[in-house]
Amino acid sequence: MFQLVKNMRYSFIIPMFNEEYDIEATVDSVLAQELHNLEIEVILIDDGSKDGTYKLCRDKYGANSAVQILHNQENCGVSHARNTGVKASSGDVVIFLNADELVAPDFLFRIDQHYQKHADYVFPQIVTQPMACFVIDTD
């Protein structure tokens, strides 16, 4: 039998650039996770969008304590945006999502099962059903 690691905190890092038509469904799918005593934070990084992405996120999620909304005045690229999100994160595990990806309600629960067994990395296939995970244990 394995020993539980602890209640992990998961940080979802979601960079955005002109994603006003997709981002709401993505964030809502993350916030709809069946948490099972897990903690999440969602870090949205607007990378200089020219559409209404930043305003939509600020208006809809600005009061949600689980969501941070960061804003670059100009487009710096997805790598820079992800790095900005990682620096702002406080989670034990970082999960990168694109602004047009959806996660199943049990996504986090399934990933957490691998980390509770001391996996070092978990690579989920986001777009397939049922969700498959590739686990790497470096021990």
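**Notebook: salt bridges, rings and strands**

I started with arginine 110, which makes a salt bridge with aspartate 106, their closest N and O atoms lying 2.9 Å apart. I count a salt bridge when a side-chain nitrogen of Lys or Arg is within 4 Å of a carboxyl oxygen of Asp or Glu. Note to self: this is a predicted model, so to speak a computed one, where local features need pLDDT of at least 70 and side-chain atom pairs count only at pLDDT 80 or more, while totals for chains, interfaces and linings use all residues. Residues are numbered from 1 along each chain as its sequence is written, and side-chain values use heavy atoms, with hydrogens and water left out.

Both partners of that bridge are partly exposed: arginine 110 has a relative accessible area of 28%, and aspartate 106 has 22%. My scale for this: buried is under 20% relative accessible area, exposed is over 50%, and partly exposed is in between (1.4 Å probe, protein chains only).

**Overall layout**

I looked up the secondary structure next and found four helices and six strands. These are DSSP runs numbered from the N terminus, with helices (H or I) of at least four residues and strands (E) of at least two. Along the sequence the pattern reads β-α-β-α-β-α-β-α-β-β. Of the 139 residues, 36% count as buried.

**Strands E1 and E2**

How many residues of E1 are buried? I get seven of its eight, which leaves this strand mostly covered. E1 runs parallel to strand E2 (residues 39–47), and eight bridges join the two. For strands to pair, DSSP has to find at least two bridges between them. Within this pairing, proline 15 sits opposite isoleucine 45 of E2.

**More salt bridges**

How many salt bridges does the structure hold? My tally is seven. As a general point, side chains of opposite charge can pair when their charged atoms come close.

One of them joins glutamate 41 and arginine 9, at 3.3 Å from N to O. Glutamate 41 is in strand E2 and arginine 9 in strand E1, so this pair ties together parts that are 32 residues apart in sequence. I checked the cover on each partner: glutamate 41 is buried at 4% relative accessibility, whereas arginine 9 is partly exposed at 22%. The bridge also belongs to a network of salt bridges linking Arg9, Glu39 and Glu41.

Another one brings together the side chains of glutamate 24 and lysine 60, 2.7 Å from N to O. Why does this pair tie together parts that are 36 residues apart in sequence? I found glutamate 24 in helix H1 (residues 23–31) and lysine 60 in helix H2 (residues 53–61), so the bridge spans from helix to helix. Glutamate 24 is partly exposed at 32%, and lysine 60 is partly exposed too, at 40%.

**Aromatic rings**

I then went through the rings and came out with one aromatic pair. It is phenylalanine 12 with phenylalanine 107, tilted, at 6.2 Å centre to centre and 45 degrees between the planes. Rings of Phe, Tyr and Trp (its six-membered ring) pair if their centres lie within 6.5 Å; planes under 30 degrees apart are stacked, over 60 edge-to-face, and the rest tilted. The two residues come from distant parts of the chain, 95 residues apart: phenylalanine 12 is in strand E1 (residues 9–16) and phenylalanine 107 in helix H4 (residues 107–116). Buried or exposed? Both phenylalanine 12 and phenylalanine 107 are buried.

**Cysteines**

I looked for disulfides, meaning two cysteine sulfur atoms within 2.5 Å of each other, and the count is zero. Cysteine 57 is buried at 0% relative accessible area, while cysteine 76 is partly exposed at 38%.

**Surface and a loop**

Which residues form a nonpolar patch on the surface? I noted Val86, Val94 and Phe96, with about 210 Å² of accessible area together. Areas come from the Shrake-Rupley method with a 1.4 Å probe, and for residues only the protein chains shown count as cover. Patch residues need over 30% relative accessible area and no salt bridge; like charges are joined within 9 Å, and nonpolar side chains (Val, Leu, Ile, Met, Phe, Trp, Tyr) within 5 Å. Valine 94 sits in strand E4 (residues 93–96) and is partly exposed at 32%.

Last stop was aspartate 100, in the loop between E4 and H4. Aspartate 100 is exposed, at 51% relative accessibility. Its C-alpha atom is 6.1 Å from that of threonine 26, although the two are 74 residues apart along the chain.
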